[in-house]
Amino acid sequence: MLFIKFKIQDSSKYKDFQKLFTYMVDIRQPEFKFEEEEEPTFDWENLDEEGVNEALKTLDEFDDPERKEINRYNSFIPDYANTFIKKYLNNDNDKLGPLGNKGILSIWNYLEYGFEVEINNLEIINDAVGIVEFSTGNFPFGGMERFLITLKAFDLIPIECFDGFSIVEIDWINDFEYNSIKQPEKTNVYLKK
């Protein structure tokens, strides 16, 4: 089983992350369906030309899949986490130069679909440390970096993970970069379980 251990900097933000975690578990279920939004209705006969134009614009926006993604993102990603994620994306886009053009929906799409794992467990180990456990039947599985950044956005600082090959200590250099320090002895013990 893959895992990420993290330091809990703020217990209220951990609770916010629990909401996102539950959604990530739910969306991976075969029977999952998005909640249907009620289509807006209008009193067409009593609308002037400006009202009709506004109503048509509202209907166009209602059917926009990107708008629905943004609404889901906004319902699960608090402002403080959104600010952190935007800083990460700006930093990442700067590194990519002319190829860089990732927006918030790139992270959201990853959390919904690109992080190809079954999310098994989220728990607090002690007052200051928690763990998220997941499994996958394939490799690569979308990688962990963006999930590590998502945890950091909620002030849950990743400190160790098992990536399928090794247990790795995570030593953060700055908000977005870290060194991975392999832990061969811990890996051997873990693999023998």
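## Exercises on a six-stranded sheet and its surroundings

P158 touches I4, K5, F6, L148, L151, K152, I170 and W172, leaving aside residues up to four places away in sequence. The model in which these contacts are found is a predicted one, and the exercises below start from this residue and work outwards.

### Exercise 1. The setting of P158

Task: determine in which strand P158 is found, and decide whether P158 counts as buried or exposed.

Solution. Begin with the element: P158 is found in strand β4, which spans residues 156-162. Next take the accessibility, which for P158 is 0% in relative terms; since buried means under 20% relative accessible area, P158 counts as buried. Then look at the separation along the chain, where P158 and K7 are 151 residues apart in sequence, although their C-alpha atoms are 6.4 Å apart in space. K7 belongs to the range of strand β1, residues 2-8, and the contacts of P158 include I4, K5 and F6, whose numbers also fall within that range. The list of contacts further includes L148, L151 and K152, which lie within the residue range of α6, 145-153.

### Exercise 2. The order of the strands

Task: work out in which order the six strands of the open sheet are arranged, and which of them are the edge strands.

Solution. The order across the open sheet is β2-β3-β1-β4-β5-β6, and the pairing is antiparallel. Reading the two ends of that order gives β2 (118-126) and β6 (178-182) as the edge strands, each of which pairs on one side only. From one strand to the next, the twist averages 25 degrees. Within the sheet, β1 and β3 (residues 129-135) are joined in the antiparallel sense by six bridges, and in this pairing I4 stands opposite V132 of β3. In general terms, the strands of a sheet pair through backbone hydrogen bonds, either parallel or antiparallel.

### Exercise 3. From β4 through β5 to β6

Task: establish how many bridges join β4 to β5, and how many pair β5 with β6.

Solution. Start with β4 and β5, which run antiparallel and are joined by three bridges; here E160 has E169 in β5 as its bridge partner. These two strands form a hairpin with four residues between them, and G164 in the turn has a positive phi of about 105 degrees. Continue with β5 and β6, whose antiparallel pairing extends over five bridges, and where the bridge partner of E169 in β6 is I181. This second hairpin has five residues between its strands.

### Exercise 4. Two buried residues, I167 and S166

Task: find where I167 lies and where S166 lies, and explain why each of them is classed as buried.

Solution. I167 lies in strand β5, whereas S166 lies in the loop between β4 and β5. The cut-off for a buried residue is a relative accessible area under 20%. I167, with a relative accessible area of 4%, is therefore buried, and S166, at 12% relative accessibility, is so as well. Turning to contacts beyond four places in sequence, I167 touches F3, E160, C161, F162, I181, K182, Q183, K186, T187 and Y190, while S166 touches C161, K182 and T187. A separation of another kind is found for I167 and N82, which are 85 residues apart along the chain and whose C-alpha atoms are separated by 29 Å.

### Exercise 5. Helices on the sheet, and a loop residue

Task: identify which strands helix α1 lies across, which strands helix α7 touches, and where D155 is found.

Solution. Helix α1 (residues 11-27) lies across β1, β2, β3 and β4, and runs at about 160 degrees to β2. Helix α7 (residues 184-192) packs on the sheet by touching β1, β4, β5 and β6, and its direction makes about 70 degrees with that of β4. D155, finally, is found in the loop between α6 and β4. Although D155 is not a glycine, its phi is positive, at about 60 degrees, and its relative accessible area of 26% makes D155 partly exposed.

### Exercise 6. The chain as a whole

Task: state how many helices and strands the chain has, and what share of its residues count as buried.

Solution. The chain has seven helices and six strands, which follow the pattern β-α-α-α-α-α-β-β-α-β-β-β-α along the sequence. Of its 193 residues, 37% count as buried. Among contacts between residues at least 6 apart in sequence, 62% join residues at least 24 apart.

Technical notes
Residues numbered from 1 in each chain as written. Predicted model: local features only at pLDDT ≥ 70, side-chain atom pairs only at ≥ 80, totals over all residues. Heavy atoms only, no water. Pairing = 2+ DSSP bridges. Axes fitted to C-alpha atoms, helices over the stretch in contact; angles between N-to-C directions. Contact = heavy atoms within 4.5 Å. Buried < 20%, exposed > 50% of the residue type's maximum accessible area, 1.4 Å probe, protein only.
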